[in-house]
Amino acid sequence: MISQFFVLSPRGDVIIRRDYLGNVPKASTEIFFRNSKFYRGGDEAPPVFLIDGVTYLHIKDGGVQLVACTRDNVSPSFVLEFLRRISAIIRDYCGSLSEEAIRKNFVLIYELLDEVMDYGTPQSTSTEALKTFVLNEPTVVAPPSALKPLFGLQKGPTGVFKSVLDTARTDGKRRDEIFVDVVERLSMTFAPGGGVVAAQVDGAVQVKSYLAGNPPIKVKLNDDLLIAKRDAPYGGAGSGFGGFSAGDYAPEAGLVVLDDAYFHEAANLDAFDSERSISLVPPDGEFALLNYRTTHAIRPPFRLSVSVEPDGASDRKARVQLRLFSDVPQDKAASGLEVEVLAC
């Protein structure tokens, strides 16, 4: 299925390379880097492209590129998800994913690749299952400062740099820890006057477990949490979506309303409807316990106002002024803010 797998540095250096089937040119790494760097018309290379009968599929994570090559007609989404799983496995075992972390754990990563793929066919990608076959000790490396969030924010699973193999230590230095973080992505569209046209939050409850023996745990959510499709799957009172009226979604109702929610396969939801609690035996490494989406009662952290005025110096020009207002509290920090202006 997959003919080759390799990892490239930002300079195009080959850090990891595995040739499984031998039906792809040996210069595939150079061909990929040249075409991804200088794609047609100077655009950014898509995650999947075809050159001389060879399909290149790649993702970028931690400053490096993970690439798979094949001559077969495979599902692109399957291979890209497989590459994501490989990056997650490297992060779970090495503490982080970066060029330095890969170079310092060279033998360990090849050992993992031999287990996750056999003759180009993906095998088990479970972090917990792979612990049985790993014999080398990892060298945990924190990501370089260029890959860290701005303002030194290191909260949540993304700020933890440990290997899952630490749970098997017997030298007295083992620390049983578990980290739970809520990560959200807010997408909003503003009208020229500053009003909100559309808003959506895509979020996840991320868990990173370093508990020896994988003991059962329970996670409690808000009692006023409402999942529309779960709590009213067949309709009910009211004429709104999912059987609820518009008043049920009002912020003053005090409800946290989610349009959709998808739980991890390890989650036991027997007591979720009555207690809003989730029981599970957490697998090793990082995983998303809950993925959700909501479009209700979203307060924008930023407001954008646009004004267009004619330019007095020329009849063919106009002056566009963007005003960005921040509603973020003073004790909070925002990083990675981007304002995109669409071309007319």
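Buried means under 20% relative accessible area, exposed means over 50%, and partly exposed lies in between. The structure used in these exercises is a predicted model.

**Exercise 1. Classify Val180 and describe its surroundings.**

Solution.
Step 1. Locate the residue: Val180 is in strand 8.
Step 2. Apply the cut-offs. Val180 has a relative accessibility of 47%, so it counts as partly exposed.
Step 3. List the contacts. Leaving out residues up to four places away in sequence, Val180 touches Val205, Gln206 and Val207.
Step 4. Check a distance across the sequence. Val180 and Ala288 are 108 residues apart in sequence, and their C-alpha atoms are 9.6 Å apart in space.

**Exercise 2. Do the same for Asp181.**

Solution.
Step 1. Asp181 also has its place in strand 8, which covers residues 177-190.
Step 2. The relative accessible area of Asp181 is 21%, so this residue is partly exposed. The cut-off for buried is under 20%.
Step 3. From C-alpha to C-alpha, Asp181 is 8.2 Å from Ala204, with their positions 23 residues apart in sequence.

**Exercise 3. Is Gln4 buried or exposed, and which residues does Gln4 touch?**

Solution.
Step 1. Gln4 belongs to strand 1.
Step 2. Its relative accessibility is 0%, therefore Gln4 counts as buried.
Step 3. Not counting residues up to four places away in sequence, the contacts of Gln4 include Arg17, Arg18, Asp19 and Tyr20. Val24, Pro25 and Ser28 are also among them, as are Val67, Ala68 and Cys69.
Step 4. One of these contacts can be given a C-alpha distance: Gln4 and Val24 are 20 residues apart along the chain, and their C-alpha atoms are separated by 7.3 Å.

**Exercise 4. Examine the phi angles and accessibility of Tyr119 and Arg276.**

Solution.
Step 1. Recall the general rule: most residues other than glycine have a negative phi.
Step 2. Read the angles. Phi of Tyr119 is near 55 degrees, a positive value. Phi of Arg276 is near 55 degrees, again a positive value in a residue other than glycine.
Step 3. Place the residues. Tyr119 is in the loop between strand 6 (117-118) and strand 7 (121-122). Arg276 is in the loop between helix 7 (272-275) and strand 14 (277-280).
Step 4. Apply the cut-offs. With a relative accessible area of 63%, Tyr119 is exposed. With a relative accessible area of 7%, Arg276 is buried.

**Exercise 5. Describe the largest nonpolar core and state which elements supply it.**

Solution.
Step 1. Count the members: the largest nonpolar core has 35 residues.
Step 2. Find the members that touch the most others. These are Phe5, Val7, Ile16, Leu66, Tyr93, Ile102 and Leu113.
Step 3. Assign the core to elements. At least two residues each come from strand 1 (4-8), strand 2 (14-19), strand 4 (54-61), strand 5 (64-70), helix 2 (76-94) and helix 4 (106-116).
Step 4. Identify the main supplier. Helix 2 provides the largest share, 9 residues.
Step 5. Look at one member in detail. Beyond four places in sequence, Leu113 touches Phe5, Ile16, Arg18, Tyr20 and Ile86.
Step 6. Look for another core. A second, separate core has 17 residues, including Val201, Leu258, Ala261 and Leu290.

**Exercise 6. Find the cavities and describe the lining of the largest one.**

Solution.
Step 1. Count: a search of the whole structure gives 1 cavity of 30 Å³ or more.
Step 2. Give the volume: the largest cavity has about 40 Å³.
Step 3. Name the lining. The residues are Ile86, Ile89, Ile90, Ile109, Leu112, Leu113 and Val116.
Step 4. Assign them to elements. Helix 2 and helix 4 are the elements that give two or more residues to the lining. Helix 4 gives the most, with 4 residues.
Step 5. Sort by class. The lining has 7 nonpolar residues, no polar ones and no charged ones.

**Exercise 7. Summarise the whole protein in numbers.**

Solution.
Step 1. Count elements: the protein has 7 helices and 17 strands.
Step 2. Give the buried fraction. Of the 344 residues, 38% are buried.
Step 3. Consider contacts between residues at least 6 apart in sequence. Of these, 61% join residues at least 24 apart.
Step 4. Give the surface. The accessible surface is about 19,800 Å², and 51% of this belongs to carbon and sulfur atoms.

Conventions. Residues are numbered from 1 along each chain as its sequence is written. This is a predicted model: local features need pLDDT of at least 70, side-chain atom pairs count only at pLDDT 80 or more; totals for chains, interfaces and linings use all residues. Side-chain values use heavy atoms; hydrogens and water are left out. A nonpolar core is a set of buried Ala, Val, Leu, Ile, Met, Phe, Trp, Tyr and Cys residues joined through side-chain atoms within 4.5 Å. Buried means under 20% relative accessible area, exposed over 50%, partly exposed in between (1.4 Å probe, protein chains only). Contact means heavy atoms within 4.5 Å. On a 1 Å grid over the protein atoms alone, a cavity is a set of points where a 1.4 Å probe fits but cannot get out, and a pocket is an open set with protein on both sides within 12 Å along at least five of seven lines; lining residues have an atom within 4 Å of a point. Grid points are joined across faces, edges and corners, and a volume is the space filled by probe spheres set on the points. Ala, Val, Leu, Ile, Met, Phe, Trp, Tyr, Cys and Pro count as nonpolar, Asp, Glu, Lys and Arg as charged, and the others, Gly among them, as polar. Accessible areas come from the Shrake-Rupley method with a 1.4 Å probe; for residues, only the protein chains shown count as cover.
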